[in-house]
Amino acid sequence: MKKRVFYLNAVILTASSVLLRLSNIWFRVFICSKIGASGMGLYQLILSVFVLGITLSTSGVGLAVTRLVAEGRGTRDSIRRCVCYALVLSLLAAGALFTCADFISVHFIGDAVAAAPLRILAPSLPFIAICSCLKGYFLAIRNTIVPACGEWLEQFVTIGASIFLFTRLAAPLEALMLGSTIGEVFSCAYIVVLYLVFAGRRGLSKAKSSGVFQSVLHIAAPVLFGSFFRSLLSSTENILIPRGLRKYGAGDSGALAQYGTMQGMVMPILFFPSAFLAALSMLLIPEMAEANAGGKRVTIQRSVEKAMRFTLTFSFLMTSVLIVFADSIGMAFYKSAQVGNILRIMAPILPLMYLDSVVDGMLKGLDQQLYSLKYNFSDSVMRVLLIAGLVPIFGIRAYIAILFMSEIYNASLSINRLLKVTAIEVDVVSWILTPAVLAALLYYLLLLLQKAPCFAV
């Protein structure tokens with residue numbers, strides 16, 4: 001029964017994640033058609049700053065709720081305290097973002113136009129924080145339908161409101177950010193109502209909880225500090241990229257266009273197949289936490305082995321698909337040959353990129369978030385230093401090379417830690433060689449099909 005619930009939730013989350021990412025790619029195509037590649041670059045810079053606020057508001061709190069409930073310590077009082085903790089942080093972040101919008105837009109983003117969009121985004125942070133906490137509760141009780149529907153509601157309202165506001169407001173970026181804020185408000189209202197209903201039906205304990213704050217700090221603080229500083233470094237990295245490209249000789253609009261192509265067009269497509277693994281990563285956190293709390297070492301080892309094999313097989317196959325169809329994808333979505341070229345170059349890093357994401361989820365479930373903090377922080381520092389030093393000299397090629405080095409470094413450390421904690425030895429044949437051979441066969445099969453007369457364009 002428990003295994004059936006796990007697989008059912010995996011199917012629901014996977015289907016939801018795939019459809020959400022498809023709609024997100026479609027929306028980005030729509031945005032790009034309205035504001036162009038350079039406008040997309042500015043849009044991505046604004047979002048990279050806003051992510052700092054989201055990180056401060058949510059990092060670790062949703063995980064704390066999931067862990068507390070999965071370990072049998074979740075009560076209405078403990079969840080309420082987690083929500084209050086997140087609200088305090090989110091209000092501080094929203095106030096800082098709203099107050100410093102002009103300074104950030106001029107001195108960091110480099111365009112005063114960004115101030116108004118940042119101010120419009122700031123009020124959405126408390127709603128995002130509440131959603132993060134309550135989604136953690138639903139994940140812990142193995143209910144994925146409610147969070148999935150909440151994400152769909154948010155996406156539907158955001159896209160609908162943004163398209164409507166595009167025809168009403170003269171500033172397209174302000175229309176986009178206002179649509180996003182409206183979507184977060186609707187999603188939060190939905191999650192709160194459903195939480196109250198489920199808490200009542202399941203008879204969630206109303207007893208006062210002791211030691212909750214210490215538990216939340218133990219779980220959330222490392223994730224919060226790690227995620228915040230990594231987001232800070234990531235935002236610094238995103239600001240340095242267009243600046244470095246300008247120094248390389250791309251010019252203002254050219255630098256934003258290259259940055260927008262990479263971050264706003266290529267990366268969403270590159271991460272799209274990982275939607276099939278996102279459910280696995282999320283659902284493994286409560287499963288690992290519960291098994292770890294019960295001392296079920298064999299269960300943990302079995303789960304890790306299955307997750308590693310599945311992730312590597314899937315990611316190797318997706319690498320072949322992206323390499324073969326890179327040009328077609330770039331032209332179909334963005335009418336851009338450059339997108340296809342970069343996709344083909346980036347595709348070989350998919351196995352490590354996807355595996356790193358799944359391993360990170362398992363480490364959090366095993367109470368190893370402090371190690372993830374150290375690995376992510378050192379990785380971010382390395383990326384910022386390399387971008388500052390190499391992009392002005394070698395341009396976008398340097399950034400692509402840095403992404404490869406970064407993923408190899410981070411994934412290697414995380415995988416090594418997981419193997420050490422779980423005492424698992426790598427099965428090179430079934431984990432790596434077999435998926436690699438299957439991927440090679442798929443690559444040649446797709447090439448043959450692509451060259452066949454019935455498939456020729």
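**Close-up views of a predicted model**

**View 1. Helix 12 and helix 16 run roughly antiparallel to each other.** Everything shown here comes from a predicted model, so please read each view in that light. The axes of helix 12 (residues 297–334) and helix 16 (residues 396–422) come within 10 Å and cross at roughly 150 degrees. Since angles over 145 degrees count as roughly antiparallel, the pair therefore falls in that class. The crossing of helix 12 past helix 16 is left-handed. On the helix 12 side, look for Arg297, Ile300, Gln301, Val304 and Met308; their partners in helix 16 are Ile415, Leu418, Leu419, Val421 and Thr422. Sorted by class, this contact comprises seven nonpolar, two polar and one charged residues.

**View 2. Asp102 and Arg119 form a salt bridge.** The whole structure holds four salt bridges, and this is one of them. Here the closest N and O atoms are 2.6 Å apart. Asp102 belongs to helix 4 (residues 101–109) and Arg119 to helix 5 (residues 115–121), so you are looking at a link between parts of the chain 17 residues apart. Asp102 is partly exposed, at 42% relative accessible area, and Arg119 is also partly exposed, at 24%.

**View 3. Lys135 in helix 6 pairs with Glu151 in helix 7.** In this salt bridge the closest N and O atoms are 4.0 Å apart. Lys135 sits in helix 6 (residues 125–140) and Glu151 in helix 7 (residues 145–166), so the pair ties together parts that lie 16 residues apart in sequence. Glu151 is partly exposed, with 29% relative accessibility.

**View 4. A salt bridge joins Glu237 to Arg383.** The closest N and O atoms of Glu237 and Arg383 are 2.6 Å apart. Glu237 is found in helix 9 (residues 212–248) and Arg383 in helix 15 (residues 369–394), so the bridge ties together parts 146 residues apart in sequence. Are these two partners buried or exposed? Glu237 is buried, with a relative accessible area of 3%. Arg383 is buried as well, because its 16% relative accessibility is under the 20% cut-off.

**View 5. Two residues of helix 8, Phe198 and Ser180, are shown with their contacts.** Phe198 has its place in helix 8 (residues 172–201). Leaving aside residues up to four places away in sequence, Phe198 touches Tyr137, Phe138, Ile141, Asn143 and Val146. Of these partners, Phe138 is 60 residues from Phe198 in sequence, with the two C-alpha atoms 9.0 Å apart in space. Ser180 is also in helix 8, and it is buried at 18% relative accessible area. With the same sequence neighbours left out, Ser180 touches Leu121, Thr158 and Ser162.

**View 6. Lys335 and Ala423 each have a positive phi.** Most residues other than glycine have a negative phi. Lys335 has a phi near 55 degrees and is in the loop between helix 12 and helix 13 (337–346). Lys335 is exposed, with a relative accessible area of 64%. For Ala423, phi is near 60 degrees. Ala423 is placed in the loop between helix 16 and helix 17 (428–451), and it is partly exposed at 48% relative accessibility.

Technical notes:
Residues numbered from 1 in each chain as written. Predicted model: local features only at pLDDT ≥ 70, side-chain atom pairs only at ≥ 80, totals over all residues. Heavy atoms only, no water. Axes fitted to C-alpha atoms, helices over the stretch in contact; angles between N-to-C directions. Helix = DSSP H or I, 4+ residues; strand = E, 2+ residues; numbered from the N terminus. Parallel < 35°, antiparallel > 145°, perpendicular 65-115°, else oblique. Left-handed = near helix turned anticlockwise from the far one by under 90°. Contact = heavy atoms within 4.5 Å. Nonpolar A, V, L, I, M, F, W, Y, C, P; charged D, E, K, R; others polar. Salt bridge = Lys/Arg side-chain N within 4 Å of Asp/Glu carboxyl O. Buried < 20%, exposed > 50% of the residue type's maximum accessible area, 1.4 Å probe, protein only.
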